[in-house]
Amino acid sequence: MKLAAKWFLWFTGIGVYVMFLGGIFYYNLFKWTFDESLKQDALEMVRTHASKLINGLSRNQSAISMDEFDTITHFSKDERVASLLYLNKYGEIRWFKDPTKITMTFDQFQKEVTIPTDAIEQAWLSKQPVIRAVQNLPLYDIAIPLASRGEVLGILNMQISREGVVKVINKAMKKYVVGAIGVLLLLGIPLYFFLHHFVINPLLSLRDTVEAISFKSFDFKFQARSDEIGELAGVLANFLGKVKTEISNTMVKERQRGVAESRWWKTMLSSVVAKNHHAIIVDEDNSVLYTNIALSGTASADGKNHLLDVIDTQQQDVLRLVGVALDRPNQVVETDTTFRSEACHVKAVHLDEEGELRRTIIIFEPKQVGVRI
């Protein structure tokens, strides 16, 4: 997989992971903030008009006054209020949207209308507002005691809908997702261009430079850089320089060894081979190391001549004899042939010792032609 693809997958994965964690955090933050605001708004709405309710309860516990009725009607018209129940201190229904339930005792009311939580009982006992979330419903059950001089005169119970809060939270989360994606793009695009310009392109250039290296010159043409890629290129350049030096030294030693070996073969053969005999010494590649025959072929790039430069390809007997010698190492094989228009007896032996250099020796012995009397 390409480096850019890996980066994209990692960046996308990390971005989605961060967005997910951030989404959980912001969702709970929004929920807490807007829910708390909803609760406080409901409590503040009651506190603002609580004096009218308390005055009405103080004057008459059995009948609701006009001020109380107007206040309760105002509360019930609020779109956030899903249900409203108004009780006096005797537990009698003072106001409810169903007029048939007014003056009914709280116990009777509970038998006909489901009370979702114990907020009313807890508010009566604690003399403090009590808020309970209604299970499986987007509602808050809020019970607010109406007290004067420490005495609870009545209870106002409201079920506040969270639908508006849920809409606000969903809208806020949509904005969060859009904003998060925008931030990822704003970060990702510059980072991608940085990666592409300062990492991928230099690496591709370094790759092309390495691929263009020739064993003949070992030229390493890469623009100097002051970063880690430049350091890598410098290490490669130093390595190639060492390789070039080692190869040059090896070639020099090889040439020196070849010259010394040729001198040795010349000295050795001059003492064991007759002057009118021809000798050819070739290596494992059939390159001529030494011969006392004049060569007319063109030497290869390394300065060596091939066996075919000495023996005509039409002299199949000699070539076949060399092949037989290669198949029978360290054994002398012989044949008669014509070499350079002269009848010869040819001997060949392939020297093959484990761990040693392989050499093939070919000796041409001209035949003596008898004189008739």
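**Exercise 1. Place Arg-359 in this predicted model: find its strand, decide whether it is buried or exposed, and list what surrounds it.**

*Solution.* Start with the backbone: Arg-359 belongs to strand β11, which covers residues 359-366.

Next, check the accessibility. The relative accessible area of Arg-359 is 5%. Buried means under 20%, so Arg-359 is buried.

Then look for a polar partner. The side chain of Glu-284 makes a polar contact with the side chain of Arg-359, at 3.1 Å.

Finally, collect the surroundings, leaving aside neighbours within four places in sequence. Arg-359 touches Arg-257, Glu-261 and Trp-265, then Val-282, Asp-283, Glu-284 and Leu-289, and also Val-349, His-350 and Leu-351.

**Exercise 2. Work out the strand order of the open five-stranded sheet and say which strands stand at its edges.**

*Solution.* Reading across the sheet, the order is β2-β1-β5-β4-β3, and the pairing is antiparallel. The edges are taken by β2 (93-96) and β3 (130-133); each has a single partner strand, so one side of each lacks a neighbour in the sheet. From one strand to the next, the twist averages 15°.

**Exercise 3. Follow β1 to its partners: how many bridges join β1 to β5, and how many join β1 to β2?**

*Solution.* Take β5 to begin with. Strand β1 (residues 81-88) pairs with β5 (residues 151-161) over seven bridges, in the antiparallel sense. A useful landmark here is Val-81, which stands opposite Ile-160 in β5.

Now turn to β2. Three bridges connect β1 and β2, again running antiparallel. Leu-85 has Phe-96 in β2 as its bridge partner.

To see how the chain gets from β1 to β2, look at the turn. The two strands form a hairpin with four residues between them, and Gly-91 in that turn has a positive phi of about 80°.

**Exercise 4. Describe how helix α2 sits against the sheet and against helix α1.**

*Solution.* Sheet side first: α2 (residues 66-77) lies across β1, β2 and β5, and runs at about 155° to β1.

Now the helix pair. The axes of α1 (residues 3-59) and α2 come within 9 Å and cross at roughly 150°. Angles over 145 degrees count as roughly antiparallel, so α1 is roughly antiparallel to α2. The crossing is left-handed.

Last, name the residues that meet. From α1 they include Met-45, Val-46, His-49 and Leu-53. On the α2 side they are Glu-68, Thr-71, Ile-72, His-74 and Phe-75.

Terms used: Residues are numbered from 1 along each chain as its sequence is written. This is a predicted model: local features need pLDDT of at least 70, side-chain atom pairs count only at pLDDT 80 or more; totals for chains, interfaces and linings use all residues. Side-chain values use heavy atoms; hydrogens and water are left out. Buried means under 20% relative accessible area, exposed over 50%, partly exposed in between (1.4 Å probe, protein chains only). A polar contact is a pair of N or O atoms within 3.5 Å; within protein, one must be able to donate a hydrogen and the other to accept it, and residues adjacent in sequence count only if both atoms are side-chain atoms. Contact means heavy atoms within 4.5 Å. Two strands pair if DSSP finds at least two bridges between them. Axes are lines fitted to C-alpha atoms, for helices over the stretch in contact, and angles run from 0 to 180 degrees between N-to-C directions. Angles under 35 degrees count as roughly parallel, over 145 as roughly antiparallel, 65 to 115 as roughly perpendicular and the rest as oblique. A crossing is left-handed if the near helix is turned anticlockwise from the far one by less than a right angle, and right-handed if clockwise.
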